[in-house]
Amino acid sequence: MEKTPKITVGIIDRTIEIQGDLKGKFLTESSLLLSGRFSARVENDLIVFRDDRGSEIFRSKLIRLKPFKDSTFTLLQMPTGTKFHWEKKDDQTFSGGELILRSRSDGTLSAIHELGVEDYLKSVISSEMNERAPKEFLKAHAILSRSWLLAGRREKRRSESNFSKPSNHKRGEEETITWYHREEHDLFDVCGQDHCQRYYGIPEGLSIKVKEAVEETSGKVMVYRDEVCDARYSKCCGGITEEFNTAWEDKKIPYLKSISDGPISYPPICREDEASAWIHSKPEAYCNLKDKILLGEILSQVDIETSDFFRWRVEYSRNELEAILREKSGFDFGRLKEIIPLRRGPSGRIFLLKIIGSDRTLIVGKELEIRRWLSRSHLYSSAFVITREAERFIFDGAGWGHGVGLCQIGAAVMALRGFSAEEILNHYFRNVEIKKIY
């Protein structure tokens with residue numbers, strides 16, 4: 001059985017300057033003791049490390065700071081929710097492991113946290129969902145997040161070429177089809193943003209429930225045919241989960257099949273009239289949680305500000321939507337005439353969409369690119385239908401996220417109803433085995 005692995009997390013990347021606070025003592029590789037406020041900036045390819053008075057302490061291409069005992073570090077005005085509708089900046093505190101600063105050839109630098117996988121997961125679970133959520137859900141999420149992480153490390157080692165580009169992109173005169181692999185990270189294993197897993201540091205007074213959820217599942221992953229599962233998850237599936245190939249490569253993954261999120265089985269959505277009926281309904285599903293108090297105990301502080309995501313509506317004037325399309329796609333469609341869904345997955349999520357304008361007609365895919373093109377940030381999901389009222393385009397939609405794999409709100413509700421962590425995972429990921437590998 002393996003030892004507990006370490007992970008490198010890019011907590012901020014390609015930034016001009018980093019400001020932070022070393023709370024306690026940190027030791028450099030040259031045996032220099034540091035503490036207190038600091039700044040770091042690249043000058044002539046070297047990182048210049050300064051104290052709170054602006055005095056230079058030392059400079060190097062790589063700075064590695066090892067904490068003494070319970071020392072922590074805080075990075076100031078860290079971006080969270082980058083490129084999503086909840087994007088903001090705040091201070092984040094990190095504990096355990098080492099702080100690494102690395103310079104890049106373009107004059108920017110990266111801050112990296114190197115720590116054990118289990119400590120990393122305590123932050124991920126606290127960042128992704130509310131630490132007051134049901135314990136069996138937190139345990140399921142720990143196994144899920146550990147699986148996603150270790151499967152990614154496996155694939156990266158197998159073929160570095162899979163990670164050489166952030167996306168697969170086919171662009172022509174009539175269509176532009178894009179899907180995003182795991183993000184390209186050359187200096188670290190994963191980042192701390194939503195396109196990997198949220199890693200927002202250790203909150204003050206980390207709950208006993210989160211600690212126990214990670215510790216009680218330590219080393220456990222989901223396995224399919226002797227390989228760790230590339231597990232996926234989103235916030236709210238909207239009642240039916242989605243197939244892998246609507247969001248990523250055109251391939252089938254046996255444990256990432258579409259299933260109904262609840263005790264009632266719903267048929268896959270195949271036609272536009274079925275999509276309209278589904279999206280305009282509010283079916284019984286685990287993720288159809290109407291109790292705002294319970295939602296407050298499930299969603300993180302970041303997410304609780306987002307409401308009405310099981311079914312939602314967005315409206316644009318024609319001029320506004322034309323401007324968004326020009327900004328986000330890079331194309332000028334002229335006067336917008338029609339937006340037509342061409343292909344949907346079984347949850348109703350569109351992965352091929354035709355946009356018709358007076359100057360250009362184009363097919364766009366897959367689901368994330370569609371969501372990006374039609375919003376200043378992102379639409380909640382690509383499971384939507386469009387109605388036209390005079391000069392307005394109305395989007396009625398279902399769910400939040402790509403919908404593949406585990407539905408976080410649905411899984412939390414399952415735990416509230418008495419399901420165990422293993423039962424939750426076996427509901428969303430069929431025919432997998434939960435196995436302890438270290």
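**A walk through contacts in this model**

Hello everyone, let's begin with one residue: Arg53 counts as exposed, at 68% relative accessibility. In this talk, buried means under 20% relative accessible area, exposed means over 50%, and partly exposed is in between, with a 1.4 Å probe and protein chains only.

A word on the background before we go on. This is a predicted model, in which local features need pLDDT of at least 70 and side-chain atom pairs count only at pLDDT 80 or more, while totals for chains, interfaces and linings use all residues. Residues are numbered from 1 along each chain as its sequence is written, and side-chain values use heavy atoms, with hydrogens and water left out.

Back to Arg53, then. Which residue does Arg53 form a salt bridge with? The partner is Asp51, and the closest N and O atoms are 3.2 Å apart. A salt bridge here is a side-chain nitrogen of Lys or Arg within 4 Å of a carboxyl oxygen of Asp or Glu. While Arg53 is exposed, Asp51 counts as buried, at 16% relative accessibility.

A little further along, Glu56 makes a salt bridge with Arg59, where the closest N and O atoms are 2.9 Å apart. Glu56 is partly exposed, with a relative accessible area of 40%, and Arg59 is partly exposed too, at 35%.

Now please find Lys135 and Glu212 in your view. Their side chains meet in a salt bridge, at 2.9 Å from N to O. Lys135 lies in helix α2 (residues 135-158) and Glu212 in helix α3 (residues 208-216), so this pair ties together parts that are 77 residues apart in sequence. Helices (H or I, at least four residues) and strands (E, at least two) are DSSP runs, numbered from the N terminus. Are the two partners buried, exposed or partly exposed? Lys135 is partly exposed, with a relative accessible area of 25%, and Glu212 counts as partly exposed at 31%. The pair also has company: salt bridges that share partners join Lys135, Glu136, Lys139, Glu212 and Glu216 into one network. And how many salt bridges does the count come to? It comes to 35.

Let's turn to the rings. The count of aromatic pairs is 17. Rings of Phe, Tyr and Trp (its six-membered ring) pair if their centres lie within 6.5 Å; planes under 30 degrees apart count as stacked, over 60 as edge-to-face and the rest as tilted. One of the pairs is Phe26 with Phe73, which is edge-to-face, at 6.4 Å centre to centre and 75° between the planes. This pair links distant parts of the chain, with Phe26 in strand β2 (residues 17-27) and Phe73 in strand β7 (residues 72-80), 47 residues apart. Phe26 is buried at 0% relative accessible area, and Phe73 is buried at 1%.

Phe309 and Trp400 form another aromatic pair, this one tilted, at 5.3 Å centre to centre with 50° between the planes. Phe309 lies in the loop between α5 (292-298) and β17 (311-317), and Trp400 in the loop between β22 (392-398) and β23 (406-407), so the pair ties together parts that are 91 residues apart in sequence. Both Phe309 and Trp400 are buried. Ring pairs also link Phe26, Phe73, Phe94, Tyr120 and Tyr199 into a cluster.

Some rings have a charge over the face, which here requires NZ of Lys or CZ of Arg within 6 Å of the ring centre and within 35 degrees of the ring normal. Arg311 lies over the face of Trp278, at 5.3 Å from the ring centre. Lys366 does so over Trp179, at 4.8 Å from the ring centre.

Next, a sheet. Three strands form an open sheet in the order β15-β14-β24, with antiparallel pairing. Strands β15 (227-228) and β24 (433-436) stand at the edges with a single partner strand each, so one side of each is left without a neighbour in the sheet. Two strands pair if DSSP finds at least two bridges between them. Strand β14 (residues 220-224) is joined to β15 by two bridges, and Tyr224 has Glu227 in β15 as its bridge partner.

Last, the cysteines. A search of the whole structure finds zero disulfides, a disulfide being a pair of cysteine sulfur atoms within 2.5 Å. For Cys236, the nearest cysteine sulfur is that of Cys287, 3.8 Å away. For Cys270, the nearest is that of Cys237, 17 Å away. Cys236 counts as buried, at 0% relative accessibility, whereas Cys270 is exposed, at 63%. Thanks for listening!
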